[in-house]
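Colleague: Got a minute to walk me through this one? I'd like to go over it piece by piece.

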Amino acid sequence: MGPQVERVVAFVARRTGTALSAQQRDRLVQAITTRAALEGLDTYAALVEGPRGATELLHLISAIAVHKTDLFRDEGQLDDLRREVLEPLARSGRPLAVWSAGCATGEEVATLLVLLAEVGAATRATVLGSDLSLGAISRAQRLTFSAESMRRVPPSLRGRYFAPQEGDVWALVPALAGRARFVVHNLMDTPYPSLAGRDRFDLVVCRNVLIYLELEAARTVVGRLGEALEPDGTLVLSTTEPLLERRADLVTSAFGRTFFYTRPGSKLATQRGASATSSSSLPAVRPSAPPPTASAPRPSAPPAPAPPLRLTPEEEGRQLLALALEWASEGQAAEETLGGLRRALYLAPKLVAARYLVALIHERAGRTADAVAEYRRAGALLAAREADLSHSFLNAERLASAVERALARLGAL
Ligand SMILES: C[S@@+](CC[C@H](N)C(=O)[O-])C[C@H]1O[C@@H](n2cnc3c(N)ncnc32)[C@H](O)[C@@H]1O
């Protein structure tokens, strides 16, 4: 790759905060080469970085964008969100500002609107969807969804909130669609968006976005999202991307599969038994109460908080590994599973099963050098008998032989 292409690749990565995967890099190089064909790479590089480069940047972003999303993605987390955040917000009776940051093609915005309707708050709520990608936002604004994207929507909600259109497409009902707003916004850029005179949000949902960012970019974004919260506001990340460090600006609490981050001083945080003073970087966790069934009456008062159960980083890592395996088996994209596994390894570096799976994902994606390095680390942990083997189905013997076969397959024994 020539130095000018390298320069534009680095610029796009820096401007979007993206930790480029090998495939994203390849697609980006291809896009740069195609778009620079007319004026030449020197002129093109200067154009992209210059004051009129914004439109060109949007073109290049479309080459690296990963818009994988679904309506009702991660139902377990949505149950926690509804019970622990949306129901208390609905009881407050005030107008609500909600932001889906990195909303891709709008499925998360529609999901939030349906959940708000279910807790009786949709008519006084507005949900803002933002994304870096112009193509994604153009698609999101339609608030129409394919049958494939509808598959997780509970049947009881499907008929109530979605209207069938021609061609097996479903549209969010106008009463809810009218509560949505959309904007193209790069989370690396300030100022952050606001909603009809309000520049703070009661709830910010930013799921499966930080996973694609460089660590430092993710840190900056979390700080800014925290600043965008009302004092009693909540930030929700995906279950695979809990914050890995304690932050002074956010109070962490966790319920079931979900971590919530609340602006300090919040009444909600106190209600939830949050661990603001915890000495660990990890949140206090308690098991979820069973989700209410469709026919069950809604509780009139918040459930009494159960005593928090403190997890060690290793236990937290194992929990993340279990989740990543569960999602991989549900067909989640390998790159997202990889994000979950990496975070599990950050917390529990000796989790050998996670190392093996990371190597396997690299190998399948053609990243041979990364795969070999990770297989070797797994092999070394097993040989030194230092491996954390909490997943019995991937026991030491099976893993040792799988690692050996993989290294042989890659000619790296
Ligand atoms: C995998 S999708 C997640 C969609 C949705 N939040 C969900 O969980 O289903 C990630 C989205 O984040 C967006 N994104 C990535 N980097 C971003 C940035 N710097 N600013 C804003 N959006 C970004 C991508 O364009 C993509 O649409």
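Colleague: Okay, first thing: which residue is the bridge partner of Gln165 in strand 5?

Modeller: Val169 is the partner of Gln165 there. Keep in mind that this is a predicted model.

Colleague: And how do strand 4 and strand 5 pair, and over how many bridges?

Modeller: They run antiparallel, and the pairing covers 4 bridges. Strand 5 takes in residues 169-172. Another facing pair there is Pro164 and Trp170, with Trp170 sitting in strand 5.

Colleague: What about the turn of that hairpin, what does Gly167 do?

Modeller: There are 3 residues between strand 4 and strand 5, and Gly167 has a positive phi near 75° in that hairpin.

Colleague: Zooming out, what is the strand order in the sheet?

Modeller: It goes 3-5-4, an open sheet of 3 strands with antiparallel pairing. Strand 3 (144-146) and strand 4 (162-165) are the edges, each pairing on one side only. From one strand to the next, the twist averages 35°.

Colleague: Which strands does helix 6 lie across?

Modeller: Helix 6, residues 107-118, crosses strand 3, strand 4 and strand 5. Its direction is at about 55° to strand 5.

Colleague: Switching to the ligand. Which residues come nearest?

Modeller: There are 19 residues around the ligand, and the nearest are His67, Thr69, Arg73, Asp131 and Asn208.

Colleague: How far is the polar side-chain atom of Arg73 from the ligand oxygen?

Modeller: That separation is 2.7 Å. There are backbone contacts to ligand nitrogen too: a backbone N or O atom of Arg207 is 2.9 Å from a nitrogen atom, and a polar backbone atom of Leu132 is 3.3 Å from a nitrogen atom. The protein buries 98% of the 610 Å² that the ligand exposes when taken alone.

Colleague: Nice. Now the helices: at what angle do helix 1 and helix 4 pack?

Modeller: Helix 1 (residues 3-16) and helix 4 (residues 54-64) pack at about 85°, and their axes are 11 Å apart. So helix 1 is roughly perpendicular to helix 4.

Colleague: Which residues of helix 1 meet helix 4?

Modeller: Val8, Phe11, Val12, Arg15 and Thr16 do, and on the helix 4 side they meet Leu57, Leu60, Ile61 and Ile64.

Colleague: Last topic, backbone oddities. Which two residues does a cis peptide bond join?

Modeller: Thr190 and Pro191, with omega about 0°. Pro191 is in the loop between strand 6 (180-184) and strand 7 (201-206).

Colleague: And what is phi for Phe72?

Modeller: Phi is near 55° for Phe72, so to speak on the positive side in a residue other than glycine. Most residues other than glycine have a negative phi, and most peptide bonds are trans. Phe72 belongs to the loop between helix 4 and helix 5 (75-92).

Definitions and conventions
Residues are numbered from 1 along each chain as its sequence is written. This is a predicted model: local features need pLDDT of at least 70, side-chain atom pairs count only at pLDDT 80 or more; totals for chains, interfaces and linings use all residues. Side-chain values use heavy atoms; hydrogens and water are left out. Two strands pair if DSSP finds at least two bridges between them. Helices (H or I, at least four residues) and strands (E, at least two) are DSSP runs, numbered from the N terminus. Axes are lines fitted to C-alpha atoms, for helices over the stretch in contact, and angles run from 0 to 180 degrees between N-to-C directions. Contact means heavy atoms within 4.5 Å. A residue is near a molecule or strand if one of its heavy atoms lies within 4 Å of it. A polar contact is a pair of N or O atoms within 3.5 Å; within protein, one must be able to donate a hydrogen and the other to accept it, and residues adjacent in sequence count only if both atoms are side-chain atoms. Accessible areas come from the Shrake-Rupley method with a 1.4 Å probe; for residues, only the protein chains shown count as cover. Angles under 35 degrees count as roughly parallel, over 145 as roughly antiparallel, 65 to 115 as roughly perpendicular and the rest as oblique.
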